[in-house]
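Good morning, and thank you for making time for this presentation. Please take a moment with the sequence and the structure before I begin.

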Amino acid sequence: MLSYLKAITVYALKISVSLAPCIVSMYLLFWLGKHEVWLPETPHRDKITIMVLIMGLAFSFLIYSYFDKQKK
């Protein structure tokens, strides 16, 4: 029973760590908009937004892949 609980906890932590870059990138975009660091008229705002999201998703994918390789 205790080993099952440990396995579930480790799995949940790995998922949380894997999702962290994606969540941080989305929060960064929220923070930039909320504190008016950049406005809708900011040049290349859409390109920067896409790059920030792609980087967050890519890091999440790489971390998850690393954890998955360790399992096998």
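Let me begin with a convention: an angle over 145 degrees between two axes counts as roughly antiparallel. I should also say at the outset that this is a predicted model.

With that convention in hand, consider the two helices. Helix 2 covers residues 45-71, and helix 1 covers residues 2-34. Their axes cross at roughly 175 degrees and come within 8 Å. The crossing angle is over the cut-off of 145 degrees, and therefore helix 1 and helix 2 are roughly antiparallel to each other.

Which residues of helix 1 meet helix 2? Among them are Lys14, Ile15, Val17, Ser18, Leu19, Pro21 and Cys22, and further along Ser25, Met26, Leu28 and Leu29. On the side of helix 2, the partners include Thr49, Val52, Leu53, Gly56 and Leu57, together with Phe59, Ser60, Ile63, Tyr64 and Phe67. Sorted by character, the residues of this contact comprise 15 nonpolar, five polar and one charged.

I would now like to look at one member of that contact in detail. Serine 18 sits in helix 1. Is serine 18 buried or exposed? Its relative accessibility is 4%, so serine 18 counts as buried. Leaving aside residues up to four places away in sequence, serine 18 touches Ser60, Ile63, Tyr64 and Phe67. Within its own helix, the side chain of serine 18 reaches the backbone oxygen of lysine 14, at 2.8 Å.

For contrast in position, take valine 10, which also belongs to helix 1. With a relative accessible area of 35%, valine 10 is classed as partly exposed. Between the C-alpha atoms of valine 10 and glycine 56 the separation is 22 Å, and these two residues are 46 residues apart along the chain.

I turn next to the aromatic residues. A pair of aromatic rings is described by the distance of the centres and the angle of the planes. How many aromatic pairs are counted here? The count comes to two. One of these aromatic pairs joins tyrosine 27 and phenylalanine 30, with 5.8 Å from centre to centre and 45 degrees between the planes, a tilted arrangement. Both residues lie in helix 1, three residues apart, which is about one turn of the helix. Phenylalanine 30 has a relative accessibility of 47% and so counts as partly exposed.

Tyrosine 66 and phenylalanine 67 form a pair as well: their ring centres are 5.9 Å apart and their planes stand at 50 degrees, so this pair is tilted. The two partners fall into separate accessibility classes. Tyrosine 66, at 48% relative accessibility, counts as partly exposed, whereas phenylalanine 67, at 19%, counts as buried. Phenylalanine 67 is also among the residues of helix 2 that meet helix 1.

Finally, the loop. Most residues other than glycine have a negative phi. Against that background, two residues deserve attention. Glutamate 36, in the loop between helix 1 and helix 2, has a positive phi of about 50 degrees although it is not a glycine. At 58% relative accessibility, glutamate 36 counts as exposed. Histidine 44 is placed in the loop between helix 1 and helix 2 too, and its phi is positive, near 60 degrees. Histidine 44 has a relative accessible area of 49% and is therefore partly exposed.

That concludes the presentation, and I am glad to take questions.

Notes: Residues numbered from 1 in each chain as written. Predicted model: local features only at pLDDT ≥ 70, side-chain atom pairs only at ≥ 80, totals over all residues. Heavy atoms only, no water. Helix = DSSP H or I, 4+ residues; strand = E, 2+ residues; numbered from the N terminus. Buried < 20%, exposed > 50% of the residue type's maximum accessible area, 1.4 Å probe, protein only. Polar contact = N/O pair within 3.5 Å; in protein donor to acceptor, adjacent residues only side chain to side chain. Contact = heavy atoms within 4.5 Å. Phe/Tyr/Trp six-rings, centres within 6.5 Å; stacked < 30°, edge-to-face > 60°. Axes fitted to C-alpha atoms, helices over the stretch in contact; angles between N-to-C directions. Parallel < 35°, antiparallel > 145°, perpendicular 65-115°, else oblique. Nonpolar A, V, L, I, M, F, W, Y, C, P; charged D, E, K, R; others polar.
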